[in-house]
Amino acid sequence: MARWRPLPGDLPPQARRLAEELRLHKDRSRLSLTSLAAKTAYSSSSWHRYLNGRALPPWEAVDALGRLTRADRGLLRVLWESASDAWTAGQGAQTEQSAQTVRTAGEPREPEGAQGSDRGPSPPARPRRPSRRTAVGAAVAVCGLLAAFLALLVIRPWGDGVRPRSAPPGAPEGSPAWPWELRSQGTGPTGTHCAVRSCQGRDPYRDGCDRDSVTVHALSAHGRTLRLRYSPVCRAVWAEVDPADGTGQLLAAAAGATTQTAARGAAHTAMVAADQHKARACVVVAGQQLGVTEHDSWIGPVGAVSGDGTGRG
């Protein structure tokens, strides 16, 4: 993997910890920024800013990367909460510092020669009280550090005595008051959107079928890796290719099911409701067709692929 650039020196420690954790998971996924953007709802330029500490990623982006790499999403949420608080406090402190600079520059100066005037000696200057915004910003920063410290030292980061507050900036719309539950309960008994009905034609990552998925078989050729993926919970397969640039006719097929074909340059197909033993994945790279099944892989000339997935073309 390419060497990462140093993170900004003025990055809050909590935000630095989150960025380093995201970099680690991105390296483990072995996905390029383009492929990562194709598998999530965020562009490659956005991921570049998030991973280099130039912008605080929204929780949805952190959660999407955590799902792709099967990371401890509870820990990721704790790190993101702490980074969000520190980031917000840092922005408030910068705003206050800028306002203080403006006020100082705008104060009138005593004219020259005024010391000998009839006004008499000037009264001693009264000490300036810290502004309310500065005090609030400092309190928020201290609370953020304390929350991060407790979350990393104990198994249960917060007890029943913690008073909830509103969700932090960047949280999904309609999120409950913080602290959130550390484990996602999903949208159904299986934690996926489509397991209780057919997942045919649905997106594996959007519906959460990637959480328990496995690679049935893979083939690396022409600088690409083709994978046939299967989710036991969703009982569906799909095809993936990485990197996806310059590829075409990416498809997943199975006997007795409708073939799912992705657009040119796509990183994965929609799902085919089928058993892994009956499925296959194909993609066209450099004029050659790459294909995999559970126990076989091949490279050959581009040809017609039957809709039931029984022919190799």
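Partly exposed here means a relative accessible area between the 20% under which a residue is buried and the 50% over which it is exposed. In this predicted model, H222 has a relative accessibility of 42%, so it counts as partly exposed. That residue is a handy place to start, given its backbone. H222 is not a glycine, yet its phi is positive, near 55 degrees. Most residues other than glycine have a negative phi.

The setting of H222 is a turn. The residue sits in the loop between β1 (214-221) and β2 (224-231), two strands that make a hairpin with 2 residues between them. β1 and β2 run antiparallel and are joined by 7 bridges. Within this pairing, H217 has L228 of β2 as its bridge partner.

A286 shows a similar backbone setting elsewhere in the chain. Its phi is also positive, about 55 degrees, and again the residue is not a glycine. A286 belongs to the loop between β6 (279-285) and β7 (288-292). With a relative accessibility of 63%, A286 is over the 50% cut-off and therefore counts as exposed. The backbone has another feature to flag at D242 and P243, which are joined by a cis peptide bond with omega at about -10 degrees. P243 falls in the loop between β3 and β4 (248-254). For context, most peptide bonds are trans.

Back at the hairpin, the β2 end leads into the disulfide region. S231 is part of strand β2, and at 0% relative accessibility it counts as buried. Its side chain reaches the backbone nitrogen of C234 at 3.1 Å. Setting aside neighbours within four places in sequence, S231 is in contact with C209, D212, S213, A236 and W238. Both C234, through the polar contact, and C209, through the contact list, thus turn up around this serine.

Those two cysteines are bonded to each other. The disulfide count for the model comes to 1, and the pair is C209 and C234, with sulfur atoms 2.1 Å apart. The link is left-handed, with -90 degrees about the S-S bond. C209 is in the loop between α6 (132-153) and β1, while C234 is in the loop between β2 and β3, so the disulfide ties together parts that are 25 residues apart in sequence. Neither end is open to solvent by the accessibility criterion: C209 is buried at 0%, and C234 is buried at 5%. Another cysteine, C282, counts as buried too, at 1% relative accessibility.

C209 also carries the story into the interior. The largest nonpolar core has 32 residues, and W47, C199, C209 and M271 are those with the most contacts inside it. Contributions of at least two residues each come from α1 (13-29), α3 (44-51), α4 (59-69), α5 (73-106) and β3 (236-242). A second core, of 25 residues, lies apart from this one, with A244, A254, A257 and A279 among its members. In soluble globular proteins, nonpolar side chains tend to be buried together. Within the neighbourhood of C199, leaving out residues within four places in sequence, the contacts are C194, C209, C234, A236 and M271. Both disulfide partners are on that list.

W47 leads to α3. In this helix, S46, W47, Y50 and L51 are buried. Viewed down the axis of α3, its buried residues fall within an arc of 125 degrees, so they line one face of the helix. These buried residues pack against α1, α2 (33-39) and α4. After α3 comes G53, whose phi is positive, near 70 degrees.

The later strands build a sheet. It is open and antiparallel, with 5 strands in the order β5-β4-β6-β7-β8. β5 (260-261) and β8 (297-301) are the edge strands, each pairing on one side only. At the β5 edge, β4 and β5 pair in the antiparallel sense over 2 bridges, and A252 stands opposite Q260 in β5. The loop holding A286 connects β6 and β7, which follow one another in the strand order of this sheet.

Methods
Residues are numbered from 1 along each chain as its sequence is written. This is a predicted model: local features need pLDDT of at least 70, side-chain atom pairs count only at pLDDT 80 or more; totals for chains, interfaces and linings use all residues. Side-chain values use heavy atoms; hydrogens and water are left out. A nonpolar core is a set of buried Ala, Val, Leu, Ile, Met, Phe, Trp, Tyr and Cys residues joined through side-chain atoms within 4.5 Å. Buried means under 20% relative accessible area, exposed over 50%, partly exposed in between (1.4 Å probe, protein chains only). Helices (H or I, at least four residues) and strands (E, at least two) are DSSP runs, numbered from the N terminus. Contact means heavy atoms within 4.5 Å. Two strands pair if DSSP finds at least two bridges between them. A disulfide is a pair of cysteine sulfur atoms within 2.5 Å. The arc is that of the directions from the helix axis to the C-beta atoms. A polar contact is a pair of N or O atoms within 3.5 Å; within protein, one must be able to donate a hydrogen and the other to accept it, and residues adjacent in sequence count only if both atoms are side-chain atoms.
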